[in-house]
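Colleague: Could you take me through this fold step by step, beginning with how its strands are joined?

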Amino acid sequence: MRIRLSRALPVAAAVLAAAVVAAVAARPVSAATADVPEPVPHTAPTADHATYIVTVRGDVDPAEVAARVGATPVHVYRTVLHGFAARLSPDQVEALRAMPDVESVEDDDRATGFGTGF
């Protein structure tokens, strides 16, 4: 079966966007006046650290947020998502989740589609 990339890519992007919206909606909103946590000591994440997708508010530079916790992004997203992917230590994940300008921190896990049309 041959699937045209021009048809499959927008569908995949829509599924990913819907998953992000659902994840953000399920997470409690932090107060805008929350204290910014202390910087996380820079420790290079090891291969056993999981990769996470971090989404940030639209008015915030994703690379700058990554730098605050000493993370090196594998990829910076600026189109469908606004954020970055990076290998993160548990301390970095905790620090990011406490930041008021971070919307979500999710495991970069395998995504699945709904239905049989994919």
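Modeller: In this predicted model, strands β2 and β3 run antiparallel and are joined by three bridges. Within this region, the residue that Tyr-77 faces in β3 is Gly-83.

Colleague: Which strands stand at the edges of the sheet?

Modeller: The sheet is open and holds four strands, with antiparallel pairing, in the order β2-β3-β1-β4. Two of these strands have a single partner each, so one side of each is left without a neighbour in the sheet, and these edge strands are β2 (75-77) and β4.

Colleague: What is the average twist from one strand to the next?

Modeller: Following the order β2-β3-β1-β4 across the sheet, the twist from one strand to the next averages 20°.

Colleague: At about what angle does α3 run to β4?

Modeller: The helix α3 (90-98) is among the elements that give two or more residues to the largest nonpolar core. It lies across β1, β3 and β4, and its angle to β4 is about 150°.

Colleague: Which residues does Leu-96 touch, leaving out those up to four places away in sequence?

Modeller: Leu-96 is one of the residues that touch the most other members of the largest nonpolar core, which has 17 residues. With residues up to four places away in sequence not counted, Leu-96 touches Val-54, Val-65, Val-69, Phe-84, Leu-88, Val-102 and Val-105.

Colleague: Is Ser-104 buried or exposed?

Modeller: Ser-104 is found in strand β4, and its side chain makes a polar contact of 2.5 Å with the side chain of Thr-55. Because its relative accessibility is 2%, and the cut-off is under 20%, Ser-104 counts as buried.

Notes
Residues are numbered from 1 along each chain as its sequence is written. This is a predicted model: local features need pLDDT of at least 70, side-chain atom pairs count only at pLDDT 80 or more; totals for chains, interfaces and linings use all residues. Side-chain values use heavy atoms; hydrogens and water are left out. A nonpolar core is a set of buried Ala, Val, Leu, Ile, Met, Phe, Trp, Tyr and Cys residues joined through side-chain atoms within 4.5 Å. Buried means under 20% relative accessible area, exposed over 50%, partly exposed in between (1.4 Å probe, protein chains only). Contact means heavy atoms within 4.5 Å. A polar contact is a pair of N or O atoms within 3.5 Å; within protein, one must be able to donate a hydrogen and the other to accept it, and residues adjacent in sequence count only if both atoms are side-chain atoms. Two strands pair if DSSP finds at least two bridges between them. Axes are lines fitted to C-alpha atoms, for helices over the stretch in contact, and angles run from 0 to 180 degrees between N-to-C directions.
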